[in-house]
Number of protein chains: 2
Amino acid sequence: MTLDAALSAADRGLDAALERLFALLRIPSISTDPVYHADCVKAADWLVDELTGLGFAASRRDTPGKPMVVARHEAPGPKMLFYGHYDVQPVDPLELWDRKPFDPAVEDTAAGKVIRARGAADDKGQMMTFVEAMRAWKAATGALPGNLVLLFEGEEESGSPSLIPFLEAHREELAADIAFVCDTGMFDTDTPSITTMLRGLLAVEFAVKGPSRDLHSGLFGGPAMNPNRVLAKILSQLHDGDGRVTIPGFYDGVTPVPEEIAAGWRALDFDAAAFLGEVGLSVPAGEQGFSVLEQVWARPTAEINGMWGGYTGAGFKTVLPARASAKVSFRLVGTQDPIAIRDAFRAWIEARLPEDFELEFVSRDGAPATVMPTGRPEFARARAALSAEWPNPAVFAGGGGSIPIVGRFREILGVDSVLIGFGLDDDGIHSPNEKYSLRSFHKGIRSWVRVLDAVRAG
Amino acid sequence: MTLDAALSAADRGLDAALERLFALLRIPSISTDPVYHADCVKAADWLVDELTGLGFAASRRDTPGKPMVVARHEAPGPKMLFYGHYDVQPVDPLELWDRKPFDPAVEDTAAGKVIRARGAADDKGQMMTFVEAMRAWKAATGALPGNLVLLFEGEEESGSPSLIPFLEAHREELAADIAFVCDTGMFDTDTPSITTMLRGLLAVEFAVKGPSRDLHSGLFGGPAMNPNRVLAKILSQLHDGDGRVTIPGFYDGVTPVPEEIAAGWRALDFDAAAFLGEVGLSVPAGEQGFSVLEQVWARPTAEINGMWGGYTGAGFKTVLPARASAKVSFRLVGTQDPIAIRDAFRAWIEARLPEDFELEFVSRDGAPATVMPTGRPEFARARAALSAEWPNPAVFAGGGGSIPIVGRFREILGVDSVLIGFGLDDDGIHSPNEKYSLRSFHKGIRSWVRVLDAVRAG
């Protein structure tokens, strides 16, 4: 059987696959920091070389930002589009890493072997499960597994500014019958998951500016309003006592989870105490009246991702700064409109500024939430394929993260996406000591072999 | 006349005095940052060389922190102790400087010539007015002006950790009849000032720690409590709607300004709108019911000197940080007890922490406020000397800053201090583009020549 042969090839090739992943993980392709631009290009070139070697027609496509990598293999059958991203998050605070973030290694842990590096889980390790599954298929059969187009981008962690124009300019090349995205997680270590709802995202950076220059707190402390004090006061009002966001109109478009989906979630028997306990917390901070699972999968949020003002170095400096800043992001659900929320947030801040303060405000358009068409046959086939690989049957899950590509594929290419990933809650993506379970990498490759086998025939 | 000859010598020597000050300003003696330790030692050595050249018995006295510089000249008459500090504040944010902070120059401005450099006003320029006055005196008379001991420290900007043990170990050498401190300001550009009240200082740094690691806001946003949110909420409660500090017991020991002093302040005709307008503000932020002058000179404050948490670099990172931090300093008046306030602040924060959060808390003992014994004859003599130099008569003023040395001199050496300085409100000490008026430097030197003449005879 082709399937068994391809799975065996995946098993035999695991060590070599790891070596290839390590080579990619060694490239510090941080897309949010211009210092690493050349490394992003290097990562794209590395992927082009790998995919060309596998028999794809692969090329680097430069954009005003980071390059796209596109690889095609034409064959009979339904056209399948595969999406991943080769860029990674920044690594600060560096001092909290136990090893250098771009010096990958397999480490033994209490929970088994893990691949430790920035990008191991998000998203290089996940993206390479596609590539290695296709390699295993080819090793077993002599040919790539069907009608394939791969799109790997390098701006996912910085808001994908080049993505829309690129999709619009390459509609025909990229349009497919179905898309697969590998940038999500397992429900738990034994239960694979297809993510069928995703929250949207709006990210805003702002600064409150008061005094025309930094002031000495001895000379001006008291009569001069301190921007740190203004910022703290504004940010403290973002949530009410019940954990609800206080911006007027914020909840417009937020709808309850349909009962049939909610019932499925209840059946998952999600362990909220373990979920929070794993990160050292015990008291849910989200909206009262909703379960932890609903808070993550189905409710919108406002989070202060960063704030800073004044002197933050060693020792003390008795300064009143001229400005204080914050980065705030919103996770959106239902039909919440990122543009309307951006404007409402701006007005909400302005209404809270002291008379002689000014606001600096920078935002991106953001992306609304998405709900997948789970009635399509690919969902059932993929679910069965995953259930064959893992100890427990696959579940349809919500997802707290935001993967704007899914909406873009639908709007621009007319393609629906199946989101399958093998990340775990404790992978520490966006955090120090990011890891990807070696089991996720291995069984992830095997899972894609199975999904390809189930879907390629159409 | 000796006085006139010494004043003429000061005038003639101004250019050379500037060159010497520039040499000192070129040394980046930032005491709060260990990177600059060698530069602090270099500044101390430079002072020892200068003072030795002037005929003092001068030496560098190493401490566990930055060295002290002590210079003595024994002569008949009352023993006068002079205090200044050669260390300077950090220079960040560097990008707001119009020239390199340690590349001093005289610049023409709308308000006249200024010496531009970090430390020009705080305190190298002020400290050197002592030294240059003594040099002018010696140039005119062939001898130093009396029974002198100079103490220049290098830890003033970092809380003077070595000062108390040093004073205790050198009581006899440093004990004097009167001390002069040059680290304060003019009342306005034409009105010299003797500062007779100083606020105390307590500085605290703390962090609120929640999740055991940084979290992804997509995976955990909602149920996981964000330390930035906790910190903003705590800091927002530090002041009530009337600008009063809300920590229980904070106002214990705060007494009204005595009516005779308050009357003197009212007579100063202080222009609050101009004071705030100069730094781009219009609405006083301090306690309601007190004038701006009272807010700065006679009321205690709590200021957030720095706060930070999460991602603060370029672009966006959708992180929930594991911790968020703040530096808060308090200016104290009357008999407010820094130890009691430190403990009350700690308890006040702890009462506001979520159940599964922890507090990290670091403080220094701080220093209480001080009130000078203005009945001593040196105050009247110095006031007359200053009034002879400047367009307007000298005033007795309050001071919003904190100069703990004054309390230490009283407690450990039994010496009272006369605080005279020539800084202006717009000097930008602790800020980018710090400057010291060339007029302050020149007339400051002349002022000390006059004060020495008035006080040296006892």
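Within chain B of this predicted model, strand β2(B) and strand β6 (residues 147-153) of chain B run antiparallel and are joined by five bridges, where strands are DSSP runs of E with at least two residues, helices are runs of H or I with at least four residues, both numbered from the N terminus, and two strands are taken to pair if DSSP finds at least two bridges between them. In this pairing, His73(B) stands opposite Leu148(B) in β6(B). Strand β2 (residues 68-73) of chain B also runs antiparallel to strand β1 (residues 57-61) of chain B, again with five bridges, and the bridge partner of Ala58(B) in β2(B) is Ala71(B). β1(B) and β2(B) form a hairpin, with six residues between them.

Residues are numbered from 1 along each chain as its sequence is written, while chains are lettered from A and ligands numbered from 1 in the order in which they are written. Local features need pLDDT of at least 70 and side-chain atom pairs count only at pLDDT 80 or more, whereas totals for chains, interfaces and linings use all residues, and side-chain values use heavy atoms, with hydrogens and water left out.

The two chains also pair through their strands: strand β12 (residues 301-310) of chain A and β12(B) are antiparallel over five bridges, and Met307(A) has Gly309(B) as its bridge partner in β12(B). The pairings are collected below.

| Strand pair | Bridges | A bridged or opposite pair |
|---|---|---|
| β1(B) and β2(B), antiparallel | five bridges | Ala58(B) and Ala71(B) |
| β2(B) and β6(B), antiparallel | five bridges | His73(B) and Leu148(B) |
| β12(A) and β12(B), antiparallel | five bridges | Met307(A) and Gly309(B) |

The size of an interface is often given as the accessible area lost when the parts come together. Here chain B and chain A bury about 7,700 Å² between them, with 55% of it on carbon and sulfur atoms; this buried area is the accessible area (1.4 Å probe) that two parts lose on being put together, summed over both. In chain B, the residues that lose the most area to chain A are Pro223(B), Met307(B) and Phe316(B), which together account for 11% of what that side buries. The contact (heavy atoms within 4.5 Å) takes 89 residues from chain B and 89 residues from chain A.

Between the chains there are two salt bridges, each defined as a side-chain nitrogen of Lys or Arg within 4 Å of a carboxyl oxygen of Asp or Glu. One of them is formed by the side chains of Glu278(B) and Arg213(A), at 3.1 Å from N to O. On the side of chain B that touches chain A, strand β12 (residues 301-310) of chain B gives the largest share, nine residues.

Chain B can be laid on chain A with an RMSD of 0.1 Å by a turn of 180° and a shift of 0.0 Å along the axis, the superposition being by least squares on the C-alpha atoms of residues with pLDDT of at least 70 in both copies. The two copies are therefore related as by a two-fold rotation axis. The same surface serves both, since 100% of the contact residues of chain B recur in chain A.

Some backbone features remain to be noted. A cis peptide bond joins Asp122(A) and Asp123(A), with omega about 5°, and Asp123(A) is found in the loop between β5 (112-116) and α4 (124-141) of chain A. In chain B, the peptide bond from Asp122(B) to Asp123(B) is cis, with omega near 5°. His430(B), although not a glycine, has a positive phi of about 70°, and this residue lies in the loop between β18 (417-420) and β19 (435-437) of chain B.
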